[in-house]
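This report covers one protein model, going from its metal site to its packing, charged pairs and cysteines. The sequence and coordinates come first.

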Amino acid sequence: MTAKSPVRRFDAFRWEDTDLLAYKEEGSAPFKAITRQTLFRDPAIKCELRYFEMAPGGYSTLERHEHMHAVLILRGRGECLIGDTVHKIETNDLVTIEPWTWHQFRANADLPLGFLCMVNVERDKPALPSSEERQALASNPKTAAFLKD
Ligand code: MN
């Protein structure tokens, strides 16, 4: 592996010397139109910084896990479900996702939604909702519209 330059330039939401990756393995969980770039990953500082981007109408997986997320919206507008509340999000918003809290991000229909997400290098695997848990969220008037598809 060739060493990366300590400075990597950024253009049109792509960083140089940085792979554009699939969000997750296809078929492993529901998601739509989302990519991942791993910007920093170093066991010495024990954290990883990723950039995720959803095309208009895209969404991340509805999931929860022990590890936290610290998210900074870099681009666009959308909504996120955190626990049983839907929040509008836009560029420069900071979003904290506490351990074991259901979460999902959705881009608005008219703009891509891009965000940085910091996580531990060593982390547990996300859990998906059981059909009962999904049904409980889908029948809650606060979250029903968000979970329509
Ligand atoms: Mn997550």
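The text below describes selected features in that order.

The model is predicted: local features need pLDDT of at least 70, side-chain atom pairs count only at pLDDT 80 or more, and totals for chains, interfaces and linings use all residues. Residues are numbered from 1 along each chain as its sequence is written, and side-chain values use heavy atoms, with hydrogens and water left out.

**Metal site**

A manganese ion is coordinated by Glu-63 (OE), His-65 (NE2), His-69 (NE2) and His-103 (NE2), at 1.9 to 2.3 Å. Donors here are N, O and S atoms within 2.8 Å of the metal (3.2 Å for Na, K and Ca); water is not among the atoms, so sites may look incomplete. The spacing of the donor residues in sequence is E-x1-H-x3-H-x33-H. His-69 belongs to strand S6 and His-103 to strand S10 (residues 103-107), so this pair ties together parts that are 34 residues apart in sequence. Strands (E, at least two residues) and helices (H or I, at least four) are DSSP runs, numbered from the N terminus. His-69 is buried at 7% relative accessibility, and His-103 is buried at 3%. Buried means under 20% relative accessible area, exposed over 50%, and partly exposed in between (1.4 Å probe, protein chains only).

**Strands and cores**

Strand S6 (residues 69-75) runs antiparallel to S9 and is joined to S9 by four bridges; two strands pair if DSSP finds at least two bridges between them. The bridge partner of His-69 in S9 is Ile-97. On strand S9 (residues 94-97), Val-95 and Ile-97 form the covered face, while Leu-94 and Thr-96 form the uncovered one.

Which residues have the most contacts inside the largest nonpolar core? They are Ile-73, Val-95, Phe-105 and Phe-115, in a core of 18 residues. A nonpolar core is a set of buried Ala, Val, Leu, Ile, Met, Phe, Trp, Tyr and Cys residues joined through side-chain atoms within 4.5 Å. At least two residues of this core come from each of strand S5 (47-59), S6, strand S7 (77-82), S9, S10 and strand S11 (113-120). S11 supplies the largest share, four residues. Not counting residues up to four places away in sequence, Phe-115 touches nine-fold listed partners including Tyr-51, Val-71, Ile-73 and Phe-105, where contact means heavy atoms within 4.5 Å. Another core, of six residues, lies apart and includes Leu-62, Trp-102, Phe-146 and Leu-147.**Salt bridges**

The whole structure holds eight salt bridges, each a side-chain nitrogen of Lys or Arg within 4 Å of a carboxyl oxygen of Asp or Glu. Three of them are tabulated with their closest N to O distances.

| Basic residue | Acidic residue | N to O distance |
|---|---|---|
| Arg-123 | Glu-48 | 3.2 Å |
| Arg-75 | Glu-53 | 2.9 Å |
| Arg-64 | Glu-133 | 3.2 Å |

Arg-123 is partly exposed at 34% relative accessibility, whereas Glu-48 is buried at 5%. Arg-75 is partly exposed at 24%, and Glu-53 is buried at 18%. Glu-133 and Arg-64 are partly exposed, at 29% and 23% respectively. Salt bridges that share partners join Arg-41, Glu-48 and Arg-123 into one network.

**Cysteines**

The disulfide count is zero, a disulfide being a pair of cysteine sulfur atoms within 2.5 Å. The sulfur of Cys-47 is 11 Å from the closest cysteine sulfur, in Cys-117, and therefore too far for a bond. Cys-117 is buried, with a relative accessible area of 2%.
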